[in-house]
Amino acid sequence: MTVTDPLPRAAPLTLHDDRLFPAESRTRDIARELYETVRNLPIISPHGHVDPTMLLSDEAFADPTSLLLQPDHYVTRMLHANGTPLTELGVGEGPLPEAKARKAWRTLCANWAVFRGTPVRYWFDSELGGIFGVTERPSAENADRLYDQVAERLAEPEFRPRALLAHFRIDVLATTDDPSDDLSAHRALAADPTFGARVVPTFRPDRYLEPFEDGWNAAVDRLAAAADMDAGDYNGYLRTLEARRRFFIANGAVSADHSHDDVITTGLEPEEAARIYRAARAGDVTAAQATAFRRHMLSEMARMSCDDGLVMTVHPGVLRNHHPATMAGFGSDTGHDIPVATEYTRALQPLLTRYGTHPNLHLVLFTVDADTFSREIAPLAGFYPSVYVGAPWWFLDNPAEIRTFQRSVSEIAGLSRLSGFIDDTRAFCSIPARHDMSRRLDAGFLAELVAEHRLDLDEAMDGLSRLVTDQPRAVFKL
Amino acid sequence: MTVTDPLPRAAPLTLHDDRLFPAESRTRDIARELYETVRNLPIISPHGHVDPTMLLSDEAFADPTSLLLQPDHYVTRMLHANGTPLTELGVGEGPLPEAKARKAWRTLCANWAVFRGTPVRYWFDSELGGIFGVTERPSAENADRLYDQVAERLAEPEFRPRALLAHFRIDVLATTDDPSDDLSAHRALAADPTFGARVVPTFRPDRYLEPFEDGWNAAVDRLAAAADMDAGDYNGYLRTLEARRRFFIANGAVSADHSHDDVITTGLEPEEAARIYRAARAGDVTAAQATAFRRHMLSEMARMSCDDGLVMTVHPGVLRNHHPATMAGFGSDTGHDIPVATEYTRALQPLLTRYGTHPNLHLVLFTVDADTFSREIAPLAGFYPSVYVGAPWWFLDNPAEIRTFQRSVSEIAGLSRLSGFIDDTRAFCSIPARHDMSRRLDAGFLAELVAEHRLDLDEAMDGLSRLVTDQPRAVFKL
Amino acid sequence: MTVTDPLPRAAPLTLHDDRLFPAESRTRDIARELYETVRNLPIISPHGHVDPTMLLSDEAFADPTSLLLQPDHYVTRMLHANGTPLTELGVGEGPLPEAKARKAWRTLCANWAVFRGTPVRYWFDSELGGIFGVTERPSAENADRLYDQVAERLAEPEFRPRALLAHFRIDVLATTDDPSDDLSAHRALAADPTFGARVVPTFRPDRYLEPFEDGWNAAVDRLAAAADMDAGDYNGYLRTLEARRRFFIANGAVSADHSHDDVITTGLEPEEAARIYRAARAGDVTAAQATAFRRHMLSEMARMSCDDGLVMTVHPGVLRNHHPATMAGFGSDTGHDIPVATEYTRALQPLLTRYGTHPNLHLVLFTVDADTFSREIAPLAGFYPSVYVGAPWWFLDNPAEIRTFQRSVSEIAGLSRLSGFIDDTRAFCSIPARHDMSRRLDAGFLAELVAEHRLDLDEAMDGLSRLVTDQPRAVFKL
């Protein structure tokens with residue numbers, strides 16, 4: 001190469017206006033028209049994993065890697081599958097030294113091809129192009145240049161967390177929180193007159209309902225301390241949970257989130273529950289007793305929801321931490337939670353027998369077992385006024401599965417029983433891309449119904465705006 | 001609004017000629033051409049739930065609500081899910097007073113949006129537009145006007161049951177009947193020279209095969225009385241069932257229909273079956289014995305089908321009456337039967353080992369667990385000459401699931417192993433809409449094969465007419 | 001008909017250049033462009049069932065029936081389902097007399113309609129039209145003429161096995177072999193300087209791992225004799241298996257293939273394994289012990305793969321020989337193996353806990369339970385560097401299921417985790433048609449991503465060529 005040769009041109013990174021719309025031209029035209037009506041609507045995010053202290057402190061993000069790569073197990077698991085050790089990506093570590101952050105970023109860019117055809121690639125394109133103004137497809141060659149470009153942006157005031165939150169038009173953002181949390185960050189945000197968004201906590205009591213898990217006794221003690229109550233016996237334990245729910249509600253919470261191996265909700269007689277609780281507090285509970293207790297408590301959680309109005313979301317059926325060595329080295333939520341077949345019809349019958357038509361109950365069913373959408377979840381939501389179909393989530397949060405979901409669930413339960421989109425993400429900057437993807441796919445789906453003369457255009461428009469705004473607000477009581 | 005303002009225009013209700021065809025223009029052209037060849041063919045309905053006395057008495061339908069809303073759990077469950085108590089819809093009640101019928105109709109129209117994107121909406125549009133000449137989309141505003149319009153039609157002779165049956169071009173209509181039924185309505189219809197259609201009963205012995213269910217003993221007594229036989233011991237019971245099957249066949253029946261929790265067909269030694277039968281008649285049977293007996297009897301039913309030729313249809317995998325309070329207040333078939341995962345491969349092996357290649361056996365497998373189509377049902381029908389794939393049914397009777405079914409089942413078992421369309425409905429006026437939907441979807445599916453150069457046009461035409469006419473006739477021995 | 005009437009024209013058999021491409025015109029244009037880049041690439045076939053002695057002897061194929069019909073259970077099962085006894089097709093028989101071969105061929109042609117819409121029809125069209133120059137659609141009328149035409153071709157030197165192998169551009173062909181096999185055919189082929197392709201054996205030890213099966217003891221004796229080792233105790237048995245694997249590797253093998261009822265991989269303590277082995281060798285093993293032993297041995301096979309590098313392929317979840325009478329009359333692999341629901345997440349955890357990140361392990365997961373693709377297999381392959389997603393296979397090797405697979409698996413695991421196409425066939429002449437079908441469908445899938453602006457054209461081209469060539473070579477270490 002001589003000095004007069006032009007530099008090798010990187011492939012462009014472009015965000016086409018029609019991306020994700022159906023290819024067929026009439027349908028695409030309709031989709032485009034529909035999408036324009038919701039494109040710029042504010043974002044309602046009723047379930048996610050953003051850290052509220054990030055918004056409270058509003059410090060500049062440290063670097064591209066710690067913002068976009070290191071904490072996102074959607075990204076790191078794919079690099080791991082393709083041969084990159086998690087240590088090279090800083091998984092499970094705190095802040096990374098500049099050299100390591102940059103090296104991890106290079107690995108990301110050099111492996112850009114492994115994301116082809118995945119939603120991760122789609123979100124990344126949207127983030128890099130739409131937020132940071134990147135115009136080149138990442139590669140080994142331009143990795144450092146892109147790192148510098150993003151890092152430069154991150155140093156600007158417009159790229160601080162609060163500015164981005166406003167720029168993303170996020171009206172409501174739910175976090176996920178431990179019931180012992182003092183919610184000081186949420187309270188400080190709510191008290192700050194300069195902060196416009198609504199950031200609400202979510203009550204996530206899983207660990208307090210599993211007496212066989214390590215640390216359960218200490219956790220219950222912590223919870224009782226937070227509530228300033230006595231959880232010495234089963235009744236005190238129930239009252240403690242109720243008190244903490246009230247505390248969460250007082251600080252803006254609208255929902256409680258539950259994830260266990262299954263959603264079986266068989267109740268126990270109170271005496272039996274009390275007996276198991278006593279044994280568990282004495283450190284003398286069997287795995288079978290603990291499971292029976294947890295199933296009972298899931299039903300109790302529904303009872304409490306009928307009393308206090310917290311929306312109840314459930315998402316069972318994931319075998320957590322499949323690879324012990326990765327768990328030991330890097331902790332949980334590092335990409336090796338793997339779905340298993342799940343059952344809802346029989347599992348939820350005890351709960352729904354008691355509370356299924358209670359006007360206060362909103363029960364949103366999520367799954368990572370796509371079979372259950374048409375077989376169990378849609379039929380349940382098509383009868384019980386309390387049951388809503390949670391959006392495709394986690395492994396299923398991608399165009400292929402979303403399209404299958406839209407078609408099969410809405411045929412059975414109707415559009416009105418859907419929760420609206422849930423981003424469920426730890427990756428702050430991917431929130432707008434994820435919601436935009438959902439809007440585009442919903443527009444495309446409704447456009448197909450119009451193109452097949454199954455729905456009129458005005459109905460499709462109304463249906464789309466309900467999916468984007470009214471339904472998440474109604475289902476999550478926002 | 002002044003008197004000179006035009007009345008607010010309701011949105012139009014239109015039935016587009018191309019509805020449900022693929023949007024892609026070449027494929028749509030082919031679909032249209034295919035559809036025209038079957039559009040007006042008579043309807044063969046080998047499985048459904050129309051009441052034959054309705055055709056016998058031929059009285060005018062009472063009102064729009066009792067015809068189109070009250071008895072149709074596809075409709076009432078969705079209104080219930082969206083907040084309407086079933087009492088307001090007259091579910092489980094007899095004839096409704098005019099005021100209540102009209103109020104329920106208003107609820108239906110005011111909630112029109114909840115049906116968007118569902119087949120219920122599609123059928124309703126076809127019925128209202130195609131049969132009753134409605135040209136406005138239902139709404140709270142025009143509900144009374146539409147009620148009056150439909151009610152007016154129903155008073156006309158052309159809208160009596162027999163006239164509609166002829167207008168719908170229904171050649172064969174199978175009802176579903178209790179084995180103790182005297183089939184007097186069927187006999188009277190068959191004897192009536194002015195009645196042109198073939199209305200055949202279907203032998204549905206479920207309750208007689210479940211000794212643990214309440215009322216089993218009384219039911220068996222009733223059956224024996226109807227047969228004028230002695231069901232005092234197991235052999236008498238078998239002979240009684242055989243006699244009633246003969247009686248049904250003599251009165252036109254072509255099939256026996258079976259729906260239990262599972263389709264396990266493990267046989268018992270005759271002595272063991274006799275022993276359980278004796279215990280059951282003495283009121284002293286366990287649930288496990290009763291289940292073993294029922295599984296044995298399902299295999300016996302196949303043996304009888306080999307002997308007498310009745311087609312055997314099975315549709316397991318539904319947890320009936322999921323919500324006890326609804327069951328207590330409104331009875332069964334009120335929208336809260338919910339599917340569960342189902343197994344066919346191992347379950348049917350005992351039956352198919354014995355009878356799978358018997359020339360008299362036609363075994364049609366239905367499912368509401370869509371996974372089983374490609375995994376189990378199509379492979380079984382792709383080997384056993386006795387096994388046919390039942391059309392997508394109940395929760396799966398919608399365009400999305402039908403399309404998935406067409407593609408995956410026909411690839412594995414071939415088009416020739418399909419039963420043809422089954423409407424399975426209680427909603428008399430939806431029969432033509434349901435068959436028309438199926439014809440449009442079959443035309444669309446075959447058009448895709450032609451457009452992808454996998455099938456020639458003449459083959460697609462032949463295949464479509466077989467699906468609409470020849471296959472249901474052959475599979476159901478009509 | 002007078003002598004001046006033209007002969008009735010048979011329908012033409014044509015292979016349209018655009019077959020299997022998406023109908024939408026922009027997408028089709030892209031698909032065509034993509035396909036052209038891989039259309040003529042050599043075939044890599046890393047898993048199949050062609051008999052190597054056929055290539056060694058290179059004798060002319062006997063007749064059209066024994067080549068295209070008799071040994072192919074994809075074809076014979078469908079004819080059987082539609083009423084043809086397997087005896088009429090020569091299933092399980094040796095060479096057929098001319099009259100019987102011709103009669104079977106007539107049956108095939110007369111039943112051409114039963115293959116409509118299936119991949120069998122697609123492959124047949126490709127074989128008849130693309131290899132043998134047939135230009136008429138088979139029918140009862142032209143059956144003899146087509147038989148003669150194909151038979152004539154088969155007598156020509158260009159249609160001998162080796163000539164066809166070269167004509168098909170098959171670079172690598174893996175066979176499936178018994179671990180006791182002396183691999184003399186493979187060695188002879190490798191030693192033949194006139195033979196250009198690479199024909200490699202595959203180690204298929206199923207029967208040696210199932211101590212409860214009839215003939216296990218004799219099989220182990222045979223294996224020990226082949227290895228010239230002593231399999232008297234458990235350690236000797238392990239060493240014998242290791243020795244035979246080394247022998248296979250020395251003769252070109254790159255993979256070991258495993259098919260059992262499940263893929264549970266729970267290990268046993270060595271003493272317990274030794275104890276069960278001792279009992280089994282003494283003919284005194286229970287079914288439960290044998291199952292525990294086999295599950296342990298599947299894990300041991302992974303250990304050996306880490307040591308010797310053989311790629312490990314697994315395909316559980318088929319109930320073999322569903323119909324005992326057919327098994328007794330015609331043997332196994334005659335069309336009545338039926339899938340059952342299968343589990344991978346929990347089943348493979350013991351194996352992956354030990355070896356999941358071992359650099360030598362390549363574990364390719366196949367399934368005939370399509371649900372497991374998005375629920376279990378893709379998530380596993382999206383984390384573990386050792387796990388690859390096997391191509392849709394057997395009942396799922398058809399356009400409908402392949403398209404579902406492409407979309408849902410690549411969204412979750414990325415394109416890079418796919419094995420590339422596997423033909424898995426006994427039907428030699430269908431190999432190019434099967435690979436061509438896969439290339440067309442991959443081109444169509446990637447074209448959709450381009451048309452939806454999710455992937456740039458250069459990336460789609462690169463991705464397609466990786467799927468066709470690089471990935472099978474890398475995954476199977478070729």
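Glu24(A) is the residue of chain A that comes closest to the rotation axis, with its C-alpha at 3.5 Å. This is a predicted model, and that axis is a good place to start reading it. A turn of 120 degrees with a shift of 0.0 Å along the axis lays chain A on chain C with an RMSD of 0.0 Å. That is the relation of a three-fold axis. The copies use different surfaces, since 4% of the contact residues of chain A recur in chain C. The points below take the two faces of chain A in turn, and then look inside the chain.

**Chain A against chain C**

- Here 47 residues of chain A are in contact with 43 residues of chain C.
- The two chains bury about 3900 Å² between them, and 51% of that area is on carbon and sulfur atoms.
- Nine salt bridges are found across the interface of chain A and chain C. For one to look up in the viewer, try Arg403(A) and Glu452(C), whose side chains meet at 3.1 Å, N to O.
- Polar contacts join 24 residue pairs across this interface, counting pairs with both residues at pLDDT 80 or more.
- Several elements of chain A each supply at least two residues of the side that touches chain C, among them helix H1 (25-36), helix H14 (324-330), strand E7 (338-339) and helix H17 (399-413). H4 and H6 of chain A also belong to that list.
- By class, the side of chain A that touches chain C has 21 nonpolar, 14 polar and twelve charged residues.

**Chain A against chain B**

- On this face, 43 residues of chain A are in contact with 48 residues of chain B.
- Chain A and chain B bury about 3900 Å² between them, 51% of it on carbon and sulfur atoms.
- Three residues are worth highlighting: Arg375(A), Phe383(A) and Arg454(A) supply 19% of the area that chain A buries against chain B, more than any other three residues.
- The interface of chain A and chain B holds nine salt bridges. One pair to find is Arg137(B) and Asp456(A), whose side chains meet in a salt bridge at 3.0 Å, N to O.
- There are 23 residue pairs in polar contact between chain A and chain B, both residues being at pLDDT 80 or more.
- Helices that each supply at least two residues of the side of chain A that touches chain B include H15 (349-355), H16 (371-381), H18 (431-451) and H19 (457-475). H16(A) provides the largest share, seven residues.
- The side of chain A that touches chain B divides into 13 nonpolar, 13 polar and 17 charged residues.

**Inside chain A: the two domains**

- Chain A is assigned domain 1 (61-159) and domain 2 (169-475). Their contact takes 19 residues from domain 1 and 20 residues from domain 2.
- The C-alpha centres of the two domains lie 30 Å apart.
- Domain 1 and domain 2 of chain A bury about 1800 Å² between them, 69% of it on carbon and sulfur atoms. On the domain 1 side, His73(A), Tyr74(A) and Trp123(A) lose the most area, together 34% of what that side buries.
- Between these domains the count is zero salt bridges, and zero residue pairs in polar contact are found, with both residues at pLDDT 80 or more.
- Helix H3 (64-68), helix H4 (73-81) and helix H6 (119-131) each supply at least two residues of the domain 1 side. H6(A) gives the most, with six residues.
- The domain 1 side that touches domain 2 has twelve nonpolar, four polar and three charged residues.

How values were computed
Residues numbered from 1 in each chain as written. Chains lettered and ligands numbered in written order. Predicted model: local features only at pLDDT ≥ 70, side-chain atom pairs only at ≥ 80, totals over all residues. Heavy atoms only, no water. Domains from an automatic or database assignment. Contact = heavy atoms within 4.5 Å. Buried area = accessible area lost by both parts, 1.4 Å probe. Salt bridge = Lys/Arg side-chain N within 4 Å of Asp/Glu carboxyl O. Polar contact = N/O pair within 3.5 Å; in protein donor to acceptor, adjacent residues only side chain to side chain. Helix = DSSP H or I, 4+ residues; strand = E, 2+ residues; numbered from the N terminus. Nonpolar A, V, L, I, M, F, W, Y, C, P; charged D, E, K, R; others polar. Least-squares fit on C-alpha atoms with pLDDT ≥ 70 in both.
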